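Visitor: Could you take me through one part of this model at close range? I would like to linger on a single feature and see what surrounds it.

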Amino acid sequence: MKTARNMFCDARGFIGLTVMSLCLLTGFWATEAMATAQSRRVVTDSFSGYAIYGYDPVAYFTDHAAKRGKREYEFVWNGVSWLFETRANLEVFKADPDVYAPAYGGHGALAMARGYAAGCNPTVWALYGDRLFLFYTHTSRAAWAEAVEAHIRKSDEVWTVLEGTLSR
């Protein structure tokens, strides 16, 4: 005779097995949608799929501000959708995306200098030379600024190795 505890365990096991089976059948576990920002070459919003959470990469250079892009100004580059605040910014990016795309695919610059990919907060950024760097926190940006050249050198080395291991 089954006790209430045994019936609960059986029901829970059955439900878990059913969910796992459905996930395997639909390919849920293997979809790219499950990739986190840290496992992709370009940091993307996990809900919308937009690069750097839908912020306009050109606006950092032209307006010296983090500005959200608009869906009507969308451009797919390197397999990722980028949004722009204006048509002019979209056209500028199209002409030379490598100039405006953030360093390290938008991964946190200090984390990269420390040897790993981390997400970013697109409102925490810095322009240095002709490059855009994004950071996870204001504290990480301040720490990076204490030794900019050394951090960039190390980040460039790490990115060269790490980039090929990340999914598009």
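Guide: Happy to! Let's begin with what a pocket is here: on a 1 Å grid over the protein atoms alone, a pocket is an open set of points with protein on both sides within 12 Å along at least five of seven lines. Please keep in mind that this is a predicted model.

With that in hand, the largest pocket holds about 420 Å³ of space. Its lining is made of 20 residues, and those nearest the centre are Trp-77, Asp-98, Ala-101, Pro-102 and Gly-105. Sorted by class, the lining of the largest pocket comprises 11 nonpolar, six charged and three polar residues. Three elements, β2 (80-84), α4 (97-100) and β4 (131-135), each give at least two residues to that lining.

From the pocket, β4 leads us on to a helix, since the buried residues of α7 pack against β4, as well as against α5 (109-113), β3 (121-128) and α6 (138-145). Helix α7 covers residues 148-162, 15 in number, and spans 20 Å from its first C-alpha to its last, close to the 21 Å expected at 1.5 Å a residue. Its buried residues are Val-148, His-151, Ile-152, Ser-155, Val-158, Trp-159 and Leu-162. Viewed down the axis of α7, these buried residues fall within an arc of 135 degrees, so they line one face of the helix. On the face of α7 turned away from that buried side sit the exposed residues Arg-153, Thr-160 and Val-161.

Methods. Residues are numbered from 1 along each chain as its sequence is written. This is a predicted model: local features need pLDDT of at least 70, side-chain atom pairs count only at pLDDT 80 or more; totals for chains, interfaces and linings use all residues. Side-chain values use heavy atoms; hydrogens and water are left out. On a 1 Å grid over the protein atoms alone, a cavity is a set of points where a 1.4 Å probe fits but cannot get out, and a pocket is an open set with protein on both sides within 12 Å along at least five of seven lines; lining residues have an atom within 4 Å of a point. Grid points are joined across faces, edges and corners, and a volume is the space filled by probe spheres set on the points. Helices (H or I, at least four residues) and strands (E, at least two) are DSSP runs, numbered from the N terminus. Ala, Val, Leu, Ile, Met, Phe, Trp, Tyr, Cys and Pro count as nonpolar, Asp, Glu, Lys and Arg as charged, and the others, Gly among them, as polar. The expected span of a helix is 1.5 Å times one less than its number of residues. Buried means under 20% relative accessible area, exposed over 50%, partly exposed in between (1.4 Å probe, protein chains only). The arc is that of the directions from the helix axis to the C-beta atoms. Contact means heavy atoms within 4.5 Å.
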